[in-house]
Amino acid sequence: MDQAELNTEQVLKRDIPWETYMTTKLISGTSLQLLRRYDNRPESYRAQLLDDDGPAYVRVFVSILRDIYKEETVEYVLALVDEMLTANPKRARLFHDKSLASEDTYEPFLRLLWKGNWFIQEKSCKIVALIVSARPKIQDGIIANGEASNSKKKSTSIDDVLQALVEWLCEQLKKPSHPSRGVPTAISCLATLLKEPMVRSSFVQADGVKLLIPLISPASTQQSIQLLYETCLCVWLLSYYEPAVEYLATSRALPRLIEVVKSSTKEKVVRVVVLTLRNLLSKAAFGAQMIDHGLPQIVQSLKAQAWSDEDLLEALNQLEEGLKDKIKKLSSFDKYKQEVLLGQLDWSPMHKDNLFWRDNIKNFEENDFQILRVLITILDTSNDPRTLAVACYDLSQFIQHHPAGRIIVTDLKAKERVMKLMNHETPEVTKNALLCIQRLFLGAKYASFLQV
């Protein structure tokens, strides 16, 4: 059988020769007794054993994974631990019992992440993530696995554990060990671990954020919806961490999130995306970009739908109010700058509003005429006829309203670029290129006679 397709139920049907392992001194007599008592017993009976003597069983399982390398046995013990934690995730606390202070409970699982087949990797990842999440907070000089922080014993520190996990998770996102389960397993694990500040930091440093962006995409099947939900959950957790926000601001994350929230009908997906957008609204240039992508209208549409989740309804109201405030604060010139910097121009009202040009003409001088320079660059780089037409028109507006507009535009070598566009195949472009050239040659004094 393909190891990747093994499941826990199949593995637990095996008969493991524990007596042979004791004979060869790979397990102790005490371990054998505990295993005989636990192995092949009903769930209710095992639960009682774990309630009575849980740390002793954890010690046995960890020692087997540390000392025995036979694949079938490793798979079996991992299946036992997985079954134990699936039945009651709180049992992960057993791994942090003070009686296990001398045990390095993390090391076997971290080693198996890299050395085992897919069944072993997947179980090790799931188990170690649960153990990490269940560790007690540091108090009175006690560290995660119950060992005194001044102890000289060599064991895997929690920082090392988290670093190793992040490294493996990023590797799965780049080159999955299993074609269909590698990425979902990594994302599911990250959705748990990114609550940890240390994991957020390591993940960003490992350039992991960019690996999430392609996964933010509308989903239809149950499996792909769960992957999308957990990916968005990861982005939401990262939206609380400033270095991650800085990366998200330069990526395609925002339009992808908006596309998902616009098309998704799954309530939990919509909720986590709305919460993420609410977090990002006040950061970097996200607010202006959200307005450009039509988010206020999308939020109104979402509010009109019948959601049962009160947290979602509250988040939608908060997002709507936040966007309204952002629109008020965002001056018309800020909106204009955003449009130019994105390189996508359209006939929004401000372009033909003479009051806008009169009130903001001095703002074009900021940063050595940065916006004007970008506008001129668009004439060379854009293939969109509408963008080219609006850019020509805006240059003509600048020439008309700025006292030295004609000289500045000439100095910035705009004339040659506009002249080329007079032969453009689109009438809208040639018309506005002609207007720009006329205003450039006539100057502001006569330009007011030339209106489109």
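# Helix pairs and pockets at a glance

Helices α3 (residues 29-38) and α4 (residues 43-67) pack with their axes 10 Å apart, at an angle of about 135°. That angle makes α3 oblique to α4. Keep in mind that you're looking at a predicted model. Below you'll find three helix pairs, then two pockets.

**How α3 meets α4**

- When α3 passes α4, the crossing is left-handed.
- On the α3 side, the residues that touch are Ser-31, Leu-34, Leu-35, Arg-37 and Tyr-38.
- Their partners in α4 are Tyr-45, Arg-46, Leu-49, Leu-50, Asp-53, Ala-56, Tyr-57, Val-60, Phe-61 and Ile-64.
- Sort the residues of this α3 with α4 contact by class and you get 11 nonpolar, one polar and three charged.

**How α8 meets α10**

- Helix α8 covers residues 158-174 and helix α10 covers residues 197-205; their axes come within 9 Å and cross at roughly 45°.
- That crossing makes α8 oblique to α10.
- Here the handedness is right-handed, as α8 passes α10.
- From α8, the contact draws on Asp-159, Leu-162, Gln-163, Val-166, Cys-170 and Leu-173.
- From α10, Met-198, Val-199, Ser-202 and Phe-203 take part.
- By class, the residues where α8 and α10 touch come out as seven nonpolar, two polar and one charged.

**How α21 meets α22**

- Further along the chain, helix α21 (residues 366-381) packs with helix α22 (residues 385-401) at an angle of about 140°, and their axes are 9 Å apart.
- The two helices, α21 and α22, are therefore oblique to each other.
- The way α21 passes α22 is a left-handed crossing.
- Look for Phe-369, Leu-372, Leu-375, Ile-376, Ile-378 and Leu-379 on the α21 side of this contact.
- On the α22 side, they meet Thr-387, Leu-388, Ala-391, Cys-392, Asp-394, Leu-395 and Phe-398.
- The make-up of the α21 with α22 contact is 11 nonpolar residues, one polar and one charged.

**The largest pocket**

- This pocket has a volume of about 480 Å³.
- Its lining takes in 19 residues, and the ones that lie nearest the centre are Gln-289, Asp-292, His-293, Leu-342 and Gln-344.
- Four helices each give two or more residues to the lining: α13 (242-249), α14 (253-263), α16 (286-292) and α19 (332-342).
- Of the contributing elements, α16 gives the most, with four residues.
- As for chemistry, the lining of the largest pocket splits into 10 nonpolar, five polar and four charged residues.

**The second largest pocket**

- Next comes a pocket with a volume of about 360 Å³.
- There are 16 residues around the second largest pocket, and closest to its centre are Lys-126, Pro-184, Thr-185, Ser-188 and Cys-189.
- The elements that give two or more residues to this lining are α7 (118-133), α9 (182-193) and α12 (222-238).
- It's α7 that supplies the largest share of the lining, six residues.
- The lining of the second largest pocket has six nonpolar, five polar and five charged residues.

Technical notes. Residues are numbered from 1 along each chain as its sequence is written. This is a predicted model: local features need pLDDT of at least 70, side-chain atom pairs count only at pLDDT 80 or more; totals for chains, interfaces and linings use all residues. Side-chain values use heavy atoms; hydrogens and water are left out. Axes are lines fitted to C-alpha atoms, for helices over the stretch in contact, and angles run from 0 to 180 degrees between N-to-C directions. Angles under 35 degrees count as roughly parallel, over 145 as roughly antiparallel, 65 to 115 as roughly perpendicular and the rest as oblique. A crossing is left-handed if the near helix is turned anticlockwise from the far one by less than a right angle, and right-handed if clockwise. Contact means heavy atoms within 4.5 Å. Ala, Val, Leu, Ile, Met, Phe, Trp, Tyr, Cys and Pro count as nonpolar, Asp, Glu, Lys and Arg as charged, and the others, Gly among them, as polar. On a 1 Å grid over the protein atoms alone, a cavity is a set of points where a 1.4 Å probe fits but cannot get out, and a pocket is an open set with protein on both sides within 12 Å along at least five of seven lines; lining residues have an atom within 4 Å of a point. Grid points are joined across faces, edges and corners, and a volume is the space filled by probe spheres set on the points.
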